[in-house]
Amino acid sequence: RTADGRAVILLSDGMGTGEAAERLSQTALSLVAQFIHSGCSVQESARAVLPVLAARFEECGFVTLDLLEINLFSGESKLLKYGAAPTFVVRGGAVRRVFSTALPAGADPALSAPDPAVFRLYEGDRIIMVSDGVCDGTDTEAVTQLCRDQALDPQELAGKILDSAADAKSGDDRSVLVITLSSAE
């Protein structure tokens, strides 16, 4: 959460697997987070960080970035995706899939920022962000079906999504974030 009333959720997946991929994604997230904490939007933060990641591409490779910014007062949300797996936005069992339209961060030094997906979130809505080890965009139906199950709490949903991907993509790192919006009391 930021001082100006935003919730910012970040997910990154480094090229490859294991510790090297983890270090790469942690570096990218740390850089983006520094800009966000200084008051920048996710778009401004990405614009500042992409040249740094591109300069280090030969040494480190690329990372996918999912950058979600939610205005906690209005529910207006912006989602930037750089080569990332689909994000699932769920309202009352209806699932909207948001796909990446940009290359991964660091893959192209001339990469321009994609237009963010803009939508309003309401109490009870869920956002499910996954890495490509779970779902790469060509195989969204299993995750979509699981997301429709409103009876699952966030931890159960994340576990079932991970289980559904365990056999198909056993060699890749897998991450699932389930965010459920609720009003502050």
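Here are some numbered notes on this structure, which is a predicted model.

1. Let's start with the overall layout. The chain carries five helices and eight strands, and their order along the sequence reads β-α-α-α-β-β-β-β-β-β-α-α-β. Of the contacts with a separation of 6 or more, 67% join residues 24 or more positions apart.

2. Next, burial and surface. The chain has 185 residues, and 46% of them count as buried. Its accessible surface comes to about 9,300 Å², with 49% of that belonging to carbon and sulfur atoms.

3. The largest nonpolar core holds 17 residues, and the members that touch the most others in it are Ile-128, Val-130, Val-134, Ile-161 and Val-176. Two or more residues of this core come from each of strand S4 (87-91), strand S7 (126-130), helix H4 (141-147), helix H5 (154-165) and strand S8 (176-180). H5 gives the largest share, four residues.

4. Ile-128 is a good residue to click on if you want to look around that core. Leaving out residues up to four places away in sequence, Ile-128 touches Pro-86, Thr-87, Phe-88, Val-90, Cys-147, Leu-157, Ile-161, Val-176, Leu-177 and Val-178. There is also a second, separate core of 16 residues, with Leu-24, Ala-28, Val-42 and Leu-80 among them.

5. Now for the open space. The largest pocket encloses about 410 Å³. Its lining is made of 17 residues, and Arg-1, Leu-72, Leu-181, Ser-182 and Ser-183 are the ones nearest the centre. Strand S1 (6-14) and strand S2 (63-71) each contribute at least two residues to this lining. By residue type, the lining of the pocket splits into ten nonpolar, five polar and two charged.

6. Closed space comes next. The count is one cavity of 30 Å³ or more, and the largest cavity has a volume of about 50 Å³. Lining this cavity are Leu-11, Ser-12, Asp-13, Thr-64, Asp-66, Gly-83, Ala-84, Ala-85, Val-130, Ser-131 and Asp-132. S1 and S2 each supply at least two of the lining residues, and S1 has the largest share with three. Four of the lining residues are nonpolar, four are polar and three are charged. Val-130 links two of these notes: this residue lines the largest cavity and belongs to the largest nonpolar core.

7. Two serines are worth a look. Ser-45 sits in helix H2 and counts as buried because its relative accessibility is 0%, under the 20% limit. Apart from residues up to four places away in sequence, Ser-45 touches Val-32, Phe-35, Ile-36 and Cys-40. Ser-41 lies in the loop between helix H1 (18-37) and helix H2 (42-55). Is Ser-41 buried or exposed? Its relative accessibility is 18%, so Ser-41 counts as buried under the 20% cut-off. With neighbours within four places in sequence set aside, Ser-41 is in contact with Arg-6 and Glu-69.

8. One last loop residue: Ala-102 is placed between strand S5 (94-98) and strand S6 (117-120). Ala-102 has a relative accessible area of 14%, which is under 20%, and therefore counts as buried. Where does the chain bring Pro-114 relative to Ala-102? The two are twelve residues apart along the chain, and their C-alpha atoms are separated by 6.0 Å.

How values were computed:
Residues are numbered from 1 along each chain as its sequence is written. This is a predicted model: local features need pLDDT of at least 70, side-chain atom pairs count only at pLDDT 80 or more; totals for chains, interfaces and linings use all residues. Side-chain values use heavy atoms; hydrogens and water are left out. On a 1 Å grid over the protein atoms alone, a cavity is a set of points where a 1.4 Å probe fits but cannot get out, and a pocket is an open set with protein on both sides within 12 Å along at least five of seven lines; lining residues have an atom within 4 Å of a point. Grid points are joined across faces, edges and corners, and a volume is the space filled by probe spheres set on the points. Ala, Val, Leu, Ile, Met, Phe, Trp, Tyr, Cys and Pro count as nonpolar, Asp, Glu, Lys and Arg as charged, and the others, Gly among them, as polar. Buried means under 20% relative accessible area, exposed over 50%, partly exposed in between (1.4 Å probe, protein chains only). Contact means heavy atoms within 4.5 Å. Accessible areas come from the Shrake-Rupley method with a 1.4 Å probe; for residues, only the protein chains shown count as cover. A nonpolar core is a set of buried Ala, Val, Leu, Ile, Met, Phe, Trp, Tyr and Cys residues joined through side-chain atoms within 4.5 Å.
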